Amino acid sequence: MVKTILITGGTGFIGSNLCKRLIQDENNKIICVDNNYTGSLDNVRDIIDNPRFTFIEHDIIKPLNIDEKIDEIYNLACPASPPAYQGDKAVFTTMTCVYGAINMLELARKNNAKILESSTSEVYGEPLVHPQVETYRGNVNPIGIRACYDEGKRCAESLFFDYNRIYGTKIKVIRIFNTYGPLMDPNDGRVVSNFICQALRGEDLTIYGDGSQTRSFCYVDDLVDVIIKMMNSEDDFIGPVNTGNPGEFTIKQLADLVIEKVNKRNNKNLKVIYKPLPADDPTQRRPDITLAKSKLGWEPTIKLNEGLDKTIEYFAQRILSEEQKLVNV
């Protein structure tokens, strides 16, 4: 029996990886929805001609009408890197989180579909609990420059749980921690892509702050595994559940590892430069994944060392391709 799955944000980094994984099952029909603000059709170019794949250009701030019956919705649509969601895009980001959640929840109600919300570790703000557990309510600045994303996602979680309580909507809520891997946008401003692209181009790596702040990096294949496991979990387990790799590294450690790998690859002589830390940038990030282990039987398997090798190779090929295009213009 064919299952029709709608993925918002489907041309983005995580969304496109999810599309490619789910399309491998011949019983799945994928409807990919994106306005391509931070996503790109290039990310799904290799599956766009698949008869079980449909792309719809649409902004989920506006209601979406689909003629056919939808079985599952993965709501991944939202800019997730600070350069993309701050500044003059802040109101747009909040609207995507809130109006987008309402519109997708209404679509789920109409179709009696199961719907998964991709929330974020940013709901914990500058955490006073470490590692972060799902019961921790967070320490978020509601008027800061990151609030459009942090509070937008917190509101989206609230909407999902209210739809579940009031209308019986079948929901799943995950909280995604830092994720990296192929199909990342080289200009999205995230630390892994920043470091790798700077290193491959022979530029000094830029650290904001003193580099002592920590992050936990999850390779995208591991994340896609847990997203699908969550969607397919028992109906009474709705989350929220942390999804990420509990391995914790300082930003300086990450920079040193990227430099080591790219120096070996390209015989570069790279170094680190430091700039002021942006406002409200969290100093610690590490998920407690006890719940994901016990309820979903999941934990990440790809270590940072291995994942960086794969990601560096992806960006090396992408940068080479872009340079060749410029030469041929």
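In helix α1, the buried residues are Phe 13, Ile 14, Gly 15, Ser 16, Asn 17, Leu 18, Cys 19 and Leu 22. That makes 8 of the 10 residues in α1, which runs from 13 to 22, so call this helix mostly covered. Keep in mind that this is a predicted model.

Now the whole protein. It has 9 helices and 13 strands. The radius of gyration is 19 Å, and a compact globule of 329 residues would come out near 20 Å, so the two agree. The C-alpha trace spans about 60 × 50 × 40 Å along the principal axes. Buried residues make up 53% of the 329. Of the contacts between residues at least 6 apart in sequence, 81% join residues at least 24 apart.

On the surface, about 14800 Å² is exposed, with 48% of that from carbon and sulfur atoms. As for charges, there are 39 positive and 45 negative, and their mean positions lie 1 Å apart.

Next, the rings. The structure holds 7 aromatic pairs. One of them is Tyr 124 with Tyr 136, stacked, at 6.0 Å centre to centre and 20 degrees between planes. Both sit in the loop between β5 and α4, 12 residues apart. Tyr 124 is buried at 0% relative accessible area, and Tyr 136 also counts as buried, at 14%.

Another pair is Tyr 180 and Tyr 219, with centres 5.5 Å apart; their planes are at 70 degrees, so this pair is edge-to-face. Tyr 180 is in strand β7 and Tyr 219 in strand β10, so the pair ties together parts 39 residues apart in sequence. Tyr 180 is buried at 0% relative accessibility, and Tyr 219 at 3%.

Finally, ring pairs link Tyr 124, Tyr 136 and Phe 177 into a cluster.

Note on methods:
Residues are numbered from 1 along each chain as its sequence is written. This is a predicted model: local features need pLDDT of at least 70, side-chain atom pairs count only at pLDDT 80 or more; totals for chains, interfaces and linings use all residues. Side-chain values use heavy atoms; hydrogens and water are left out. Helices (H or I, at least four residues) and strands (E, at least two) are DSSP runs, numbered from the N terminus. The radius of gyration is taken over C-alpha atoms; the globule rule is 2.2 Å times the number of residues to the power 0.38. Buried means under 20% relative accessible area, exposed over 50%, partly exposed in between (1.4 Å probe, protein chains only). Contact means heavy atoms within 4.5 Å. Accessible areas come from the Shrake-Rupley method with a 1.4 Å probe; for residues, only the protein chains shown count as cover. Lys and Arg count as positive and Asp and Glu as negative; His and the chain ends are not counted. The place of a charge is taken as NZ of Lys, CZ of Arg, CG of Asp or CD of Glu. Rings of Phe, Tyr and Trp (its six-membered ring) pair if their centres lie within 6.5 Å; planes under 30 degrees apart count as stacked, over 60 as edge-to-face and the rest as tilted.
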